[in-house]
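Visitor: I would like a close look at a single part of this chain, the nonpolar core and what surrounds it. Please take me through it in one go.

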Amino acid sequence: MFLLKNDHWCIKKTVEKGYGVFAKKAIPKSTVIGDYLGTVVNMAEYDLSSDKNGLYLMYCTDMASIYPDIKRPGIHLINHSCRPNCWMYIYAGHTLFFALTKIAPGEELTISYLLSPKDESCGNCAHVCKCGSTSCTGTMHLSKDKYEIWQKFQNEKRRKTKKVKIIFGENLPKLAVYPQKIPINPIYATIYL
């Protein structure tokens, strides 16, 4: 769900990545862009191998992920980049996307998917990065050292955040109040540079 007004973003077809989200107006650094909402999925019962729709699952807890309504425009259409201009932030049990840098009009909004290091479970891996940035690694998977840094940071954030009640098969409810800005943490530069 976008939290920015419609006049700040648009959805456009990209050359190699399907649809993407683009800024219509300048988006200031640290501005909250949206909340990753959707149906709460029980991961113990979810068959990842049959998911033909791509990389839409968002981690919520060790047992649950969020699957958005892919027929509606939303922040789930923000594409991966090895040099992202947006980032994820855990807030009250929700995953918010925010601007990591100032985003110029016409610029595509991008985020690192922060996938765990590639292993044999990924098989013929479909997580190929096509971001085209000068620091592109060719994969959406983080290196082991960057992933460990990210996990440690995320685990600390999760311990400090309020637990939300989730019900499998139902939509994660919207928050009553959202922050407008997220403080920029130096950890983000450690991960994506």
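Guide: What follows starts with the model as a whole, turns to the core, and then visits the salt bridges and some single residues.

The model is predicted. Its chain averages a pLDDT of 89, and 96% of the residues score at least 70. Confidence varies by element. Strand β3, residues 32-35, has the highest mean pLDDT, at 98. Helix α2, residues 187-192, has the lowest, at 78.

The chain holds 10 strands and 2 helices. Their order from the N terminus is β-β-β-β-β-β-β-β-β-β-α-α. The radius of gyration is 16 Å, close to the 16 Å that the globule rule gives for 193 residues, so the chain is as compact as a globular protein of that length. The C-alpha trace spans about 40 × 40 × 35 Å along its principal axes. Buried residues make up 44% of the 193. Long-range contacts are plentiful in one stated sense: among contacts between residues at least 6 apart in sequence, 72% join residues at least 24 apart. The chain exposes about 11,000 Å², and carbon and sulfur atoms supply 53% of that area.

Now the core itself. The largest nonpolar core has 44 residues. Which of its members touch the most other members? They are Ile33, Leu109 and Tyr188. Ile33 falls within strand β3, residues 32-35. Leu109 falls within strand β10, residues 108-111. Tyr188 falls within helix α2, residues 187-192.

Take Ile33 closely. Leaving aside neighbours within four places in sequence, Ile33 is in contact with Met1, Phe2, Leu3 and Leu4. Its other contacts include Ile75, Ile78 and Cys86. Phe97, Phe98, Ala99 and Ile103 are also in contact with Ile33. So is Leu109, another of the three core members named above.

Strand β10 also brings in a charged pair. The whole structure has 2 salt bridges. One joins Glu108 to Lys17, with the closest N and O atoms 2.9 Å apart. Glu108 is in strand β10, while Lys17 is in the loop between β1 and β2. The two are 91 residues apart, and the pair links distant parts of the chain. Is Glu108 buried or exposed? Glu108 counts as buried, because its relative accessibility is 14% and the cut-off for buried is under 20%. Lys17, at 26%, counts as partly exposed.

The other salt bridge joins the side chains of Lys25 and Asp7, at 2.8 Å from N to O. Lys25 lies in the loop between β2 and β3, and Asp7 in the segment before β1, so the pair ties together parts that are 18 residues apart in sequence. Lys25 is partly exposed at 36% relative accessibility. Asp7 is partly exposed too, at 33%.

Asn6 is also in the segment before β1. Asn6 is exposed, with a relative accessible area of 56%. Its C-alpha atom is separated by 35 Å from that of Ser49, 43 residues apart along the chain.

Back to the loop between β2 and β3, where Ser30 is found. Ser30 counts as buried at 13% relative accessibility. Its backbone deserves a look. Most residues other than glycine have a negative phi. Ser30 is not a glycine, yet its phi is positive, about 80 degrees. Ala92 likewise has a positive phi, near 50 degrees. Ala92 is found in the loop between β8 and β9.

Strand β6, residues 64-67, is the next stop. Ser65 sits in this strand. Ser65 is buried, with a relative accessible area of 7%. Not counting residues up to four places away in sequence, Ser65 touches Thr39, Val40, Val41 and Met43. Ser65 also touches Leu57, Met58, Tyr59 and Cys60.

Ala64 belongs to strand β6 as well, by its residue range. The C-alpha atoms of Ala64 and Ile167 are separated by 9.3 Å, though the residues are 103 apart along the chain. Ile167 lies in the loop between α1, residues 144-160, and α2. Ile167 counts as partly exposed, at 41% relative accessibility.

Terms used:
Residues are numbered from 1 along each chain as its sequence is written. Side-chain values use heavy atoms; hydrogens and water are left out. A nonpolar core is a set of buried Ala, Val, Leu, Ile, Met, Phe, Trp, Tyr and Cys residues joined through side-chain atoms within 4.5 Å. Buried means under 20% relative accessible area, exposed over 50%, partly exposed in between (1.4 Å probe, protein chains only). Contact means heavy atoms within 4.5 Å. pLDDT is the predictor's confidence in each residue, from 0 to 100. Helices (H or I, at least four residues) and strands (E, at least two) are DSSP runs, numbered from the N terminus. The radius of gyration is taken over C-alpha atoms; the globule rule is 2.2 Å times the number of residues to the power 0.38. Accessible areas come from the Shrake-Rupley method with a 1.4 Å probe; for residues, only the protein chains shown count as cover. A salt bridge is a side-chain nitrogen of Lys or Arg within 4 Å of a carboxyl oxygen of Asp or Glu.
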